[in-house]
Amino acid sequence: GISDIIKNEETGWLVREKDSMALSSVIINSIEKKSLNARLAVNGYEMINDKFSWLIIAKNYLDVYLNVR
């Protein structure tokens with residue numbers, strides 16, 4: 001799910017569903033803290049590349065294939 005990809009305040013923000021006050025707080029925080037946005041972007045990019053690059057996906061498929069035989 002979302003929380004597997006987004007780590008709150010590390011790679012993005014998690015807000016509870018239908019919590020408009022929390023969402024508005026996150027939006028305001030995002031507007032006010034540009035350096036935090038840059039850090040979240042870098043962290044998110046690195047996490048996606050580490051876990052979901054095509055090389056990692058291919059390796060995972062190969063591992064499954066070799067273990068099924």
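In this predicted model, the secondary structure of the chain amounts to 4 helices and 0 strands, and, read from the N terminus, the elements follow one another as α-α-α-α. The radius of gyration of the chain is 17 Å, which is well over the 11 Å that the globule rule gives for 69 residues, so the chain is more spread out than a compact globule. The box that the C-alpha atoms fill, taken along the principal axes, comes to roughly 55 × 25 × 10 Å.

The way the chain is covered and connected can be described next. Of its 69 residues, 12% count as buried, and the chain exposes about 5,900 Å², with carbon and sulfur atoms supplying 61% of that area. Among the contacts in the chain with a separation of 6 or more, 47% are accounted for by residues 24 or more positions apart.

One residue through which such contacts can be followed is Ile-5, which lies in helix H1, an element given as residues 2–5. Leaving aside residues up to four places away in sequence, Ile-5 touches Thr-11, Met-47, Ile-48 and Phe-52. The partner Ile-48 stands 43 residues from Ile-5 along the chain, yet the C-alpha atoms of the two are separated by 8.0 Å. With a relative accessible area of 36%, Ile-5 is partly exposed; the value falls between the 20% under which a residue counts as buried and the 50% over which it counts as exposed.

Beyond helix H1 comes the loop between H1 and H2, in which Glu-9 is found and in which Lys-18 also has its place. What is the sign of phi at Glu-9, a residue that is not a glycine? The angle is positive, at about 65°, and Lys-18, likewise a residue other than glycine, has a positive phi near 65°. These values deserve a remark, because most residues other than glycine have a negative phi. As to their surroundings, Glu-9 counts as partly exposed at 48% relative accessibility, whereas Lys-18 is exposed, with a relative accessible area of 80%.

Helix H2, which covers residues 20–32, offers two residues that fall on opposite sides of the accessibility scale. Ser-20 has its place in this helix and counts as exposed at 53% relative accessibility. The C-alpha atom of Ser-20 is separated by 24 Å from that of Gly-44, a residue 24 positions away along the chain. Further along helix H2, is Asn-29 buried or exposed? Asn-29 is buried, with a relative accessible area of 19%, a value that lies under the 20% cut-off. Not counting residues up to four places away in sequence, the residues that Asn-29 touches are Trp-13 and Leu-36.

The last helix to be considered here is H4, residues 54–68, and with it the question of charge. The chain has 9 positive and 9 negative side chains, and the centres of the two sets lie 3 Å apart. Side chains of opposite charge can pair when their charged atoms come close. How many salt bridges does a search of the whole structure find? The search finds 1, and Lys-59 forms this salt bridge with Asp-63, the closest N and O atoms of the pair being 2.9 Å apart. Because Lys-59 and Asp-63 are 4 residues apart in helix H4, about one helical turn separates them. Neither partner is buried: Lys-59 counts as partly exposed at 47% relative accessibility, and Asp-63 counts as partly exposed at 31%.

Tyr-61 also has its place in helix H4, and at 63% relative accessibility Tyr-61 counts as exposed. From Tyr-61 to Lys-51 the distance in space is 13 Å, C-alpha to C-alpha, while the two residues are 10 apart in sequence.

Taken together, these details return to the overall picture of a predicted chain with 4 helices and 0 strands, in which 12% of the residues count as buried and a search of the whole structure finds 1 salt bridge.

Technical notes: Residues are numbered from 1 along each chain as its sequence is written. This is a predicted model: local features need pLDDT of at least 70, side-chain atom pairs count only at pLDDT 80 or more; totals for chains, interfaces and linings use all residues. Side-chain values use heavy atoms; hydrogens and water are left out. The radius of gyration is taken over C-alpha atoms; the globule rule is 2.2 Å times the number of residues to the power 0.38. Buried means under 20% relative accessible area, exposed over 50%, partly exposed in between (1.4 Å probe, protein chains only). Contact means heavy atoms within 4.5 Å. Accessible areas come from the Shrake-Rupley method with a 1.4 Å probe; for residues, only the protein chains shown count as cover. Lys and Arg count as positive and Asp and Glu as negative; His and the chain ends are not counted. The place of a charge is taken as NZ of Lys, CZ of Arg, CG of Asp or CD of Glu. A salt bridge is a side-chain nitrogen of Lys or Arg within 4 Å of a carboxyl oxygen of Asp or Glu.
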